[in-house]
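Biologist: I've got a model open here and would like to talk it through with you. Mind if I fire off some questions?

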Amino acid sequence: MERFQPFFIWFGESALFLKQFFICLFTQKFEWRQFLQQFDEIGSRSLILVGISGLAIGVVLSMQFNATLARFGAESMLPSMISLSVIREIGPIITALVVAGRVASGIGAELGSMRVTEQIDALDVSAVDSFNFLVVPRIMAGIIALPILTVYCDFIAIIGGYFGILIERTITLQEYISAAIRFLGPDDIFPGVLKTTVFGLIITFVGSFNGYKTTGGTVGVGLSATNAVVLSSLLIIVAEVVLVKISILFF
Amino acid sequence: MIELVKIYKRFGTLQVLNGVSLTFKTGENTVILGKSGSGKSVLLKHVVRLLDPDEGVVLVDGQNIGEFKLHELMEYRKTLGFLFQGAALYDSLSVFENVAFPIRRHTKTPENEIEDQVMEALGWVSLTNAAQKMPSELSGGMRKRVGLARSLILKPKVMLYDEPTTGLDPITSNEISDLILKLQQQFGTTGLIVTHDMPCAFKVADRAILLSEGNILFDGGIAEIEKSDEPLVKTFYETSVAKRPELNL
């Protein structure tokens, strides 16, 4: 049992960290300026990365599905298949994993270096609640930015799917879009977009927790950044399983 | 008045503070001496409640700061300034923004007045020409001086200096010592100064405390140091006045 002790300590500290987030969110003044900076950092600066990933995924899906559907003579279903796959599952998970790689490590390293160079202590001594100033805006920015990035990724991936089809055959964009949205309903769109708020929470929470609790100097900063990426990616995949089950129950 | 009552602090198996009791009078400059790792910085961090003691209490004007609610703690901290060992400048802000940070957070001063106050504070540490630089462009000594300007800008009632002159050249060290003394004399600032720099200690301190392995070995007037029979205190004093030894080759 003793070898599991670090896990239980980590789990307890994470729970307290999450509790502190909600307490600060509802009882303290919200740091709008910090929030906007972080929203820009997490949202705007991820646009290119998310866009390229979405485009590539769309093209690849299109080529793969085209070959499979051709066996059954069902090529006409390709646009719908691309849009449903992207919007329900692939768009949210790709966006979350790409953002996790960029943002979780960034937050872990930034807060970690602020911790080891006593900048967080300096904030506290200056009568600024460092948790409310640094952690709350980052987590809120993640929760709000992820769904927006996901919609953007979905859109680019569907357009990528169109380019994928063009490699094989000719179809107008209007025909493609019309076929792509034919079978799409709100119960396809909302679960996919809403669950990314949970992914946003996971990414920024794990990054902030690892960074804020950094010990051990520059080595600790490196570990915090690495752990933030690994753990947030893993938790996103686990959360995906749970959220798919929940969305099937409710939608 | 700040009182530390039987403070114990342990990190893992290391007992850093071992029942330390001290009183810091208002308006007095106290230097805290001791070898590296003797618990000086840990002691200072208890005064601002960056660390909580395992046992014992810290009283400020009779109030236990361990029982302060968040807003009370913030109000208390607004009366303090803290110069960190490594300056702890905010990397993402320029020198000007670093020094302006406390004013912008805690006052509603107009921007033109903030500029005047920041430039005045940078003038105290002879760094007016570095206002637009980023912390990464500064030397260690310059960073420390910016950190000092930032911690002094709201003219705190109590200043805590964690090695204010370490890493500085003798001339700048002397200027910083003069500044610490000036603050005490002009504004009645209470100073707690952790240092190894004995010339600085002799210049600024009314009182000296020597910590060793979490215990107080010496507590008295700065002038009494040279009369002390305590070996470690003697060593501290002798090294501060040491001259090049005559070598018999």
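Biologist: Into which domains is chain B divided?
Modeller: Bear in mind that this is a predicted model. One domain of chain B comes in two pieces, 2-79 + 156-240. The other covers 86-153. So the assignment, which is automatic or from a database, gives domain 1 (2-79 + 156-240) and domain 2 (86-153).

Biologist: How far apart do the C-alpha centres of domain 1 of chain B and domain 2 of chain B lie?
Modeller: The two domains of chain B do touch: eleven residues of domain 1 are in contact with nine of domain 2. Centre to centre, over C-alpha atoms, the separation is 24 Å.

Biologist: Which helix gives the largest share of the side of domain 1 of chain B that touches domain 2 of chain B?
Modeller: By class, that side has six nonpolar, two polar and three charged residues. Five residues of that side come from a single helix, residues 170-187 of chain B, and that's the largest share. Its name is helix H6.

Biologist: What radius of gyration does chain B have, and why does it agree with a compact globule?
Modeller: The C-alpha atoms of chain B fill a box of roughly 60 × 55 × 35 Å along the principal axes. With 249 residues, a compact globule would come out near 18 Å, so chain B agrees with its value of 19 Å.

Biologist: How many residues of chain B are in contact with chain A?
Modeller: On the chain A side, eleven residues take part. Those divide into four nonpolar, three polar and four charged. Across from them, the count for chain B is 16 residues.

Note on methods
Residues are numbered from 1 along each chain as its sequence is written. Chains are lettered from A and ligands numbered from 1 in the order in which they are written. This is a predicted model: local features need pLDDT of at least 70, side-chain atom pairs count only at pLDDT 80 or more; totals for chains, interfaces and linings use all residues. Two residues are in contact if their C-beta atoms, placed from the backbone, lie within 7 Å. Ala, Val, Leu, Ile, Met, Phe, Trp, Tyr, Cys and Pro count as nonpolar, Asp, Glu, Lys and Arg as charged, and the others, Gly among them, as polar. Helices (H or I, at least four residues) and strands (E, at least two) are DSSP runs, numbered from the N terminus. The radius of gyration is taken over C-alpha atoms; the globule rule is 2.2 Å times the number of residues to the power 0.38.
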